Amino acid sequence: MTKVRATRVTERAGVNEFRSLMESAGHIVQEIDGGNDQGEDCYLSFTRLGERTGEIVAVQVKSGGAYRRPVGYGIPCRNHLRDWTLSRIPVIGVVYDPELRKLFWVNMTEHLLERVGRGETPKSVPIGETEILDATTVAHFVASVSRFIETRDGAMPYAPRTFPQVIGRAVRRLGSHRAVAEVPIGGIPYELGVASVDFRERHPRFDSQAVKVSFFIVLICAFIMAGPGLYKAAAREDDGLLWNGWIWLIGFYGAVAYLYRAGSTDPERKRARLISWSAHLLLACGWYVGVGEEIAAWPVNSMFSQVFVWMMPVIAQALILCLGAFYAEKESGRRRRLRAAYPKGLPGDVD
């Protein structure tokens, strides 16, 4: 079966949340097909007393923690700067924070025109933490965008377009689907892989569990093999003041274990991968030095061994302190955003 991208669920959550909110307020949302998505996800047509007002905006919806900034949120605009500043209809940016379950918005056209007018080339459009879009602020959102449209229409020398004209022009600009070449259904089975694939389909979690168990076994073996040699190397450089062989060994294993723990719990995939690879590298260096101390046939660079033994405690302390401070700052920012989004407390909380 086709594997659905993990990010698609998050992406659709933002669009669905925005569509549900605006339609519940009586406005009209027309989504753009994913194949024609060139910087806008949908068109929003405002209504008043059940009738269209003729005011239309394009909306770019972003979802996920990747769009968080130290303060507020941000939507990258580098690839669409020209399109969004020259667009005949305003482009609104919306970010959905799945942890807060809140929408945040910004008038990207207004912001970019102001920045470009000052001779700047912005790379992203910032969104404040208080620019929340929900049932209590949707009326303010509509009024604010409507005022901008009225002001802009009065300053631009072109006649207003009807809703079908705007949609038709956008579709022509975005282009049509490319024809997909026909491909044969199925194909000749690969007999040598049938039994293996049948087993994996009957036990879908076997592969991931087997990888985790295998990695854990390899990790334990690497720790055991490197331990005696690392103890000898550390004891040889023992200065009698700061550490001895056992303290050095505990610090080394503690630093590696801390990095593995951080890599397995970090919610951001790229950063988690970087931290895990840092743990791999530190363990590989220790394994190289430790095994070389025990096996005469294993050539170890004496300078590398000495530098590693002396620098490892400094590296371990720096890693633990920096990561600890980094995660504390991230958690503080998360709670600040949470309090800003829900000043009266989280839904369902009981005093």
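The exchange below asks what the labels on this predicted model rest on.

Me: What makes some parts of the model less trustworthy than others, and what is the mean pLDDT of the protein?
Reply: The mean pLDDT is 78, and 75% of the residues reach 70 or more. Among the elements, strand 6 (residues 102-107) has the highest mean, 94, and helix 5 (residues 163-174) the lowest, 50. Over residues 156-160 the pLDDT stays under 50, and the model has 3 contacts for them beyond four places in sequence. Residues 175-185 are also below 50, with 5 contacts beyond near neighbours in sequence. Where pLDDT is low, the predicted coordinates should not be read in detail.

Me: Why is Leu49 called exposed?
Reply: Exposed means over 50% relative accessible area. Leu49 has 85% relative accessibility, so the label applies. Leu49 lies in the loop between strand 2 and strand 3, and has a positive phi of about 55 degrees although it is not a glycine.

Me: Is Arg101 buried or exposed, and how do you know that?
Reply: The relative accessible area of Arg101 is 63%. The cut-off for exposed is over 50%, therefore Arg101 is exposed. Arg101 sits in the loop between strand 5 and strand 6. The phi of Arg101 is near 60 degrees, a positive value in a residue other than glycine.

Me: What makes strand 2 and strand 3 a pair?
Reply: A pair needs at least two bridges. Strand 2 (residues 42-48) and strand 3 (residues 51-63) are joined by 6 bridges and run antiparallel. The two strands therefore count as paired. Arg48 stands opposite Glu51 in strand 3.

Me: Why are strand 1 and strand 8 said to stand at the edges?
Reply: The open sheet has 6 strands in the order 1-2-3-5-6-8, with mixed pairing. Strand 1 (28-31) and strand 8 (132-133) each have a single partner strand, so one side of each is left without a neighbour in the sheet. Helix 3 (residues 108-117) packs on this sheet, touching strand 3, strand 5 (91-97) and strand 6. The direction of helix 3 makes about 40 degrees with that of strand 6.

Me: How do you know that strand 4 and strand 7 pair?
Reply: They share 4 bridges, in the antiparallel sense, and the requirement is at least two. The conclusion is therefore that strand 4 (residues 73-76) and strand 7 pair. One of the bridges sets Tyr73 against Ile127 in strand 7.

Me: Which side chains of strand 7 are buried, and which are not?
Reply: Val125 and Ile127 point to one face and are buried; Ser124 and Pro126 point to the other and are not. Buried means under 20% relative accessible area. In a regular strand the side chains alternate between the two faces of the sheet.

Me: How do you know that the span of helix 10 is close to the expected one?
Reply: Helix 10 (residues 302-341) has 40 residues, and 58 Å is expected at 1.5 Å a residue. From its first C-alpha to its last, helix 10 reaches 57 Å.

Me: Where does helix 10 bend?
Reply: Helix 10 bends by about 40 degrees at Met311, with a proline, Pro313, following within four residues. Buried residues of helix 10 include Phe308, Met312 and Pro313.

Me: What share of the protein's residues is buried?
Reply: Of its 351 residues, 36% are buried, which means that 36% fall under 20% relative accessible area.

Conventions: Residues are numbered from 1 along each chain as its sequence is written. This is a predicted model: local features need pLDDT of at least 70, side-chain atom pairs count only at pLDDT 80 or more; totals for chains, interfaces and linings use all residues. Side-chain values use heavy atoms; hydrogens and water are left out. pLDDT is the predictor's confidence in each residue, from 0 to 100. Contact means heavy atoms within 4.5 Å. The expected span of a helix is 1.5 Å times one less than its number of residues. The bend at a residue is the angle between axes fitted to the seven residues ending there and the seven starting there. Buried means under 20% relative accessible area, exposed over 50%, partly exposed in between (1.4 Å probe, protein chains only). Axes are lines fitted to C-alpha atoms, for helices over the stretch in contact, and angles run from 0 to 180 degrees between N-to-C directions.
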